[in-house]
Amino acid sequence: EYDGTNWTAGGSGNTARMSGGGAGTQTATIAMGGNKPPANAAMGDAEEYNGTGWTTITSGTAMSRVTAGFGTSTSAYIAGGGTGTSGTTLSGVVQEWDGSSWNAKPSLATARYFGAGATSGTATAGLVMGGYTTTWVGDTEEWNVSTDVTTYAAWAAGNNLNTPRALNATATNAAPDAALTFGGNWPSVTADTEEYDGTTWTEQSNLPQALTAAAGAGTQTAALCTTGRTPGGRLNDTYEYNGASWTAGGDYTATQAYTSGAGTQTAALAVGGETPPGTDLTTSPEYNGASWTSGN
């Protein structure tokens with residue numbers, strides 16, 4: 001260990017090795033990989049150092065002649081090296097230690113071994129430089145942890161529907177800035193149809209009848225509505241929308257409601273649903289633009 005002036009002996013590792021990789025600080029270090037003469041086969045053995053002694057931890061992917069290591073003892077990265085019985089098969093594999101297990105991460109662009117890394121104790125900005133492929137290379141690569149983080153989409157407020165409703169159906173294949181919704185509510189039901197342009201909902205031609213709990217499919221200019229419920233009972237009606245008005249399509253295979261829809265107006269799928277007195281269904285008919293046929 002180095003104190004800024006002198007070197008002193010620290011605790012010995014549990015597994016003798018050479019050409020391994022390491023990361024972390026003087027009192028919180030990770031060591032992984034390497035090879036042990038005379039066989040020189042790549043090793044995945046890993047240990048953690050607490051400033052006094054080494055503790056064996058879960059092994060990673062066997063890697064010799066490790067290119068670089070960087071990060072912390074709870075978020076360490078071991079990058080590149082050699083695999084195989086002689087530890088000379090080039091690899092760009094990058095492994096992350098998360099404090100309990102090793103996880104595969106995006107590989108180096110250039111597979112190499114015997115490179116150098118910035119072992120600065122940070123896992124968010126690593127550096128790999130130089131090494132050997134079939135010749136000595138000066139290639140440098142940077143690791144930015146944000147490239148491996150899923151950034152989730154966010155919801156933002158849109159304008160309200162003109163007609164408040166529930167159990168309304170939608171054109172399920174439509175883009176968010178070209179949406180279509182129709183029918184809905186209970187026990188009073190509505191035939192209202194509204195189109196969305198990404199900013200505003202606009203009233204359009206009503207469905208031929210008021211209904212709720214229907215299945216929707218298609219797009220804003222080629223939508224499909226099938227099955228549903230009225231105060232008088234369940235429906236097997238199908239309606240097609242061309243962006244301006246609704247017309248009758250081929251009747252559904254059963255009289256039901258609360259069905260799910262997917263697909264396009266000429267290649268639609270309806271799944272499940274319910275018939276009185278509360279019987280759930282496993283059926284999944286398909287629509288070809290003219291008629292419904294039974295699916296699996």
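**View 1. Surroundings of Cys225 in the predicted model.** Leaving aside residues up to four places away in sequence, Cys225 touches Phe182, Leu207 and Leu211. Its contacts also include Ala214, Ala215 and Trp246. Asp237, Thr238 and Tyr239 complete the list of residues touched by Cys225.

**View 2. The largest nonpolar core.** This core has 14 residues. Cys225 is one of those with the most contacts inside it, along with Leu180, Phe182, Leu207, Leu211, Ala223 and Trp246. Three strands each give two or more residues to this core: strand 13 (179-182), strand 17 (223-226) and strand 20 (238-241).

**View 3. Another core, apart from the largest.** This one has 11 residues. Among them are Met32, Ala46, Ile78 and Trp102. In soluble globular proteins, nonpolar side chains tend to be buried together.

**View 4. Strands and overall dimensions of the protein chain.** The protein chain holds 27 strands and zero helices. Along its principal axes, the C-alpha trace spans about 90 × 40 × 40 Å. The radius of gyration is 32 Å, whereas a compact globule of 296 residues would have one near 19 Å. Of the contacts between residues at least 6 apart in sequence, 43% join residues at least 24 apart.

**View 5. Surface and charge of the protein chain.** About 14,500 Å² is exposed, and carbon and sulfur atoms supply 52% of it. Buried residues account for 39% of the 296 residues. The protein chain carries 8 positive and 23 negative charges. The mean positions of these two sets lie 11 Å apart.

Terms used
Residues numbered from 1 in each chain as written. Predicted model: local features only at pLDDT ≥ 70, side-chain atom pairs only at ≥ 80, totals over all residues. Heavy atoms only, no water. Helix = DSSP H or I, 4+ residues; strand = E, 2+ residues; numbered from the N terminus. Rg over C-alpha atoms; globule rule 2.2 N^0.38 Å. Buried < 20%, exposed > 50% of the residue type's maximum accessible area, 1.4 Å probe, protein only. Contact = heavy atoms within 4.5 Å. Areas by Shrake-Rupley, 256 points an atom, 1.4 Å probe, with all protein chains shown as cover. Lys, Arg positive; Asp, Glu negative; His and termini not counted. Charge placed at Lys NZ, Arg CZ, Asp CG, Glu CD. Core = buried A, V, L, I, M, F, W, Y, C linked by side-chain atoms within 4.5 Å.
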